Amino acid sequence: MVTFLDIRESYIDLKHEIDSAIARVLDSGRYILGTEVSLFEQAFASYCGVRNCIGVSNGLDALRLVLHAWGIGPQDEVIVPAHTFIATWLAVSQTGALPVPVDIDPHTFLINPDCIPSAITSRTKAIIPVHLYGRAANMDRICKIARSHNLKVLEDAAQAHGTQYNGVFTGALGDAAAFSFYPGKNLGAFGDAGAITTNDNDLAERIRCFINYGSLQKYHHLQKGFNCRLDEIQAAILRVKLRYLDDWNNRRRTLANLYQTSLTGIDQLSFSCPCDPFSHVWHLYVISCNNRDTMQEYLLKKGIQTLIHYPLAPFEQDAYQELAADAKKWPNASHAARSVLSLPMGPHLSKKMVETVCSAIHDFFNTTKRI
């Protein structure tokens, strides 16, 4: 069986270090907002090349807290990709603002900067580019558009730990960035966890207040805040795993190159268009084909597990049924939902497993040609 991702492997690989880190927290007796969170924040800020990192409870809260700290709320609009995990949209909705979808570039699956200007209105306050699947959005174009309209840029970097754009790490490309450390991410915790990065010291201070009941000093509450703190055990685990992130990303790049080399030439498949091989961290390796569902069933029968990211666009979900009638406005996102397939990917996947997957895909298309 070739599993899509065995998240136990990262624990097995680092078992001694992770067990020691967890024991250190348990022995300390300090389980909330202690030394581990502070040290992880410093390490991750340094890694991303920013002044501030604030550990938070998860990636959705990271997005929502930034928007909230910017004062975005009812009557405001925020531009989002039409193809993304629904958390990007939910963060906007949870402030009371309106997510405004923009179609994607079919060659990258990322928000298409050419479509952004026509979506901007007098109510637009921010743009959320998503660095989907581990590849950075076109931040030069997006930031230029944002500056010309006095808009904020919030990177959704939930799938882009270690991704670079023109030599700059995600997390340092916009006004702020939101990360998720969900266990399956390139940098994953052992539960829900997230972080916000920014060079804006005032924004960082507001968010630190918000995440802890609106308080910077115990029992003194400056804001109507939330409880969105990163806990000490997750921070300790992330500190260990951060040291291996670049190595694991390089392993992903090697496997992605093997996929690309092995599958290129199958006319019925399409791939994300080429980019700098050192910038993409391949959180997911995604292909696209019109008979996606049939191929997924075939691969499963061969013992190969695949997933679909994502089978429904946010505007096709019941949660946003008010937009269903407008689906034709975002044809590339609709097509992606019907055609994308994520192949097994992870730093502990073997080259032999990738070769097994590629061989099965070739067999599938050879079989369908004969039918």
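**Cysteines, sheets and cores**

Biologist: Is C48 buried or exposed?
Modeller: The model is predicted. In it, C48 has a relative accessible area of 4%. The cut-off for this class is under 20%, so C48 counts as buried.

Biologist: How far is the sulfur of C48 from the closest cysteine sulfur?
Modeller: The closest cysteine sulfur belongs to C53. A disulfide needs the two sulfur atoms within 2.5 Å. The gap here is too far for a bond, because it comes to 7.0 Å.

Biologist: Which cysteine sulfur is nearest to that of C143, and how far away is it?
Modeller: C143 is also buried, with a relative accessible area of 13%. C143 is in no disulfide. Its nearest cysteine sulfur is that of C48, at 15 Å.

Biologist: How many disulfides does the count come to?
Modeller: A disulfide is a covalent bond between the sulfur atoms of two cysteines. Sulfur pairs must lie within 2.5 Å to be counted. By this rule the count is zero.

Biologist: Which strands stand at the edges of the sheet of seven strands?
Modeller: The sheet is open, with mixed pairing and the order β1-β9-β8-β5-β4-β2-β3. Each edge strand has a single partner, so one of its sides is left without a neighbour in the sheet. The two are β1 (52–56) and β3 (98–102).

Biologist: What is the average twist from one strand to the next?
Modeller: This value belongs to the open sheet of seven strands. From one strand to the next, the twist averages 25°.

Biologist: In β9, which residue is the bridge partner of I54?
Modeller: β1 and β9 (residues 194–198) run antiparallel. Five bridges join them. Opposite I54, the bridge partner is I196.

Biologist: How many residues of β1 are buried?
Modeller: N52, I54 and V56 point one way from β1. C53 and G55 point the other way, and residues on both sides are buried. The strand is mostly covered, with a buried count of five of five.

Biologist: Which strands does helix α7 lie across?
Modeller: Helix α7 covers residues 201–211. Its direction makes about 15° with that of β1. The buried residues of α7, including L203 and I207, pack against several elements, among them α4 and β10 (215–217). The strands that α7 lies across are β1, β8 (176–180) and β9.

Biologist: At the start of α7, which residue's backbone nitrogen does D200 reach?
Modeller: D200 reaches with a side-chain oxygen. That oxygen comes to within 3.0 Å of the backbone nitrogen of D202.

Biologist: Which element supplies the largest share of the largest nonpolar core?
Modeller: This core has 36 residues, and L67, W70, I128, L154, I196, I207 and F315 touch the most other members. Among the elements that supply at least two residues each are β1, β2 (77–81), α4 (59–69) and α5 (87–93). The largest share is six residues, and it comes from α4.

Biologist: Which tryptophans does F315 touch, leaving out residues up to four places away in sequence?
Modeller: The contacts of F315 include A82, Y320, L323 and A324. A327, A333 and S334 are touched too. The tryptophans touched are W89 and W330.

Biologist: How many residues are in the second, separate core?
Modeller: Nonpolar side chains tend to be buried together in soluble globular proteins. A256, W282, C289 and A360 are among the members of this second core. Its residues number 27.

Biologist: In β14, which residue does I287 stand opposite?
Modeller: An open sheet of three strands has the order β12-β13-β14, with antiparallel pairing. β12 (270–271) and β14 stand at its edges, so each has one side without a neighbour in the sheet. Four bridges join β13 and β14. Opposite I287 stands L341.

Biologist: Which helix packs on this sheet, touching β12, β13 and β14?
Modeller: The helix covers residues 245–263. Its direction makes about 20° with that of β13. Its name is α9.

Biologist: At about what angle to β14 does α11 run?
Modeller: Helix α11 covers residues 331–339, and its buried residues include A333 and A336. The cover over its buried residues includes β13 (285–288), α10 (292–301) and β14 (340–343). α11 lies across β13 and β14, and its angle to β14 is about 50°.

Terms used
Residues numbered from 1 in each chain as written. Predicted model: local features only at pLDDT ≥ 70, side-chain atom pairs only at ≥ 80, totals over all residues. Heavy atoms only, no water. Pairing = 2+ DSSP bridges. Axes fitted to C-alpha atoms, helices over the stretch in contact; angles between N-to-C directions. Contact = heavy atoms within 4.5 Å. Core = buried A, V, L, I, M, F, W, Y, C linked by side-chain atoms within 4.5 Å. Buried < 20%, exposed > 50% of the residue type's maximum accessible area, 1.4 Å probe, protein only. Polar contact = N/O pair within 3.5 Å; in protein donor to acceptor, adjacent residues only side chain to side chain.
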